[in-house]
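Student: I would be grateful for a close look at one buried acidic residue of this chain, followed by an account of its wider setting. Please proceed step by step.

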Amino acid sequence: MRRSRLALVALSLVFAGSACSATSTTTAPSVPDTSALVKQILSHCTDLAAPELGEGVLCIDHGFRIKSDDFSFKNWGRSLSADGNVTAQTLIDLFGHDSVCVAGPKDTCILRPAAIQKLEEWNTALNGGRCEGLAALSTRFLLRMDSPSTFQKNASSVSALSQDNAKLNSTVVYWWATQFLNEVTDHAATSRGLSPLRLVDDLIQGIAHSVGHTVGIYNGPSGHSLTPFAVTQRGDDFVIHVYDNNHPGERFELFVNSRTNQWRYPRAFRNVDGSFNTWSGGTGTLELTAMSTRKGPFQCSFCNSSLARSAHVITLASRDIRASGFIEVTTESGILRTSPTDIDN
């Protein structure tokens, strides 16, 4: 979701392991007294057991069921097929034809230079995985905002969908790309400023009102997106039950401790030897993103030049910062030439 910039080169994101969200830089403050907040969360919970969700008592359950409402295939990165990645159509769907394409017929698109750079940036980021898209789309299925049969005839469940479905792939990429939009990143940043226990309370109320959230977790330079669907209370922990798109067919648990106001995710990523890494953290490393923030219309932050409308703009994008380009422009007033050493990096 956040990224670093190289001069005159398309932006790129590098993720550790199979992570597919980005790094949070919010500093965690000291932990205040949380007794009132814990009491408020407990007021949402029942004394009913939920055996299908493990030990503990039920706070809320949206009804998501593993091996039915989750995808049968696991999260993956960049596709060998260009059409399976971020395309010009992805940008058009997000921002509109006129924003990303040079003026011309609507059935064709010559991408503007800034759009070309964004296309390369996002496809580089896609190498880290498309968990955000899978989490968002599975949430939409859960809310009945989309139907599996729209993507595959006679598909009665999400798990029946095939990974090689072109329409499904482009839709996953679309929702994956929304994580980079200001409307979404601003909301996520605000969410990260809340404590884990506050987010548990927000999630319970969100599930009760069918808001639809994705959960973002961060560990150093890595991040991951999950689909939450239930909350239980087990001992000192509130347990957020999630679908983890890295592990289809399994119910995973994210714990928020009522005493420490810290979260932990014991099965974040599997090591080569088969063991799991545990991620943990506090305020600033856990977020909720509501589906309403991904609704659009979206403002394209890179589409418009800050120069005056009457200005003529030439953009040069090099794939290699060590090999800047040479420009020669012929006008009625003469010839303008600039060499790589004259280009302002």
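Tutor: The residue to begin with is Glu-287, which lies in strand β10, spanning residues 286-290. Please bear in mind that the model is predicted. The relative accessible area of Glu-287 is 1%. Because buried means under 20% relative accessible area, Glu-287 counts as buried. Its side chain has a polar partner: a contact of 2.7 Å joins the side chains of Glu-287 and Arg-192. The fold also brings together parts of the chain that are separated in sequence. Glu-287 and Tyr-218 are 69 residues apart in sequence, yet their C-alpha atoms are 8.9 Å apart in space.

A second acidic residue, Asp-70, may be studied beside Glu-287. Asp-70 is found in the loop between β3 (57-61) and α2 (88-95). Asp-70 is also buried, but it has no salt bridge. The nearest side chain of opposite charge is that of Lys-67, at 8.4 Å. Backbone atoms, however, lie beside the acidic side chain. The backbone nitrogen of Lys-67 is 2.6 Å from a polar atom of the side chain of Asp-70, and the backbone nitrogen of Ser-68 is 3.3 Å from a polar atom of that side chain. Leaving aside neighbours within four places in sequence, Asp-70 is in contact with several residues, including Phe-64, Val-158, Tyr-243 and Gly-249.

Let us now turn to the nonpolar interior. The largest nonpolar core has 47 residues, and those with the most contacts inside it are Phe-71, Phe-95, Val-100 and Trp-122. Elements giving two or more residues to this core include α2, α4 (113-125) and β5 (222-234). The largest share, seven residues, comes from α7. Trp-122 shows how such a residue is surrounded: not counting residues up to four places away in sequence, Trp-122 touches eight listed partners, among them Leu-91, Phe-95, Trp-176 and Phe-180. Apart from this core lies another, of 29 residues, which includes Cys-45, Leu-226, Ile-240 and Leu-288.

Finally, the chain as a whole may be considered. It has nine helices and twelve strands. Of its 345 residues, 48% count as buried. Among contacts with a separation of 6 or more, 63% are between residues 24 or more positions apart. The accessible surface comes to about 17000 Å², of which 51% belongs to carbon and sulfur atoms.

Notes: Residues numbered from 1 in each chain as written. Predicted model: local features only at pLDDT ≥ 70, side-chain atom pairs only at ≥ 80, totals over all residues. Heavy atoms only, no water. Helix = DSSP H or I, 4+ residues; strand = E, 2+ residues; numbered from the N terminus. Buried < 20%, exposed > 50% of the residue type's maximum accessible area, 1.4 Å probe, protein only. Lys, Arg positive; Asp, Glu negative; His and termini not counted. Salt bridge = Lys/Arg side-chain N within 4 Å of Asp/Glu carboxyl O. Polar contact = N/O pair within 3.5 Å; in protein donor to acceptor, adjacent residues only side chain to side chain. Contact = heavy atoms within 4.5 Å. Areas by Shrake-Rupley, 256 points an atom, 1.4 Å probe, with all protein chains shown as cover. Core = buried A, V, L, I, M, F, W, Y, C linked by side-chain atoms within 4.5 Å.
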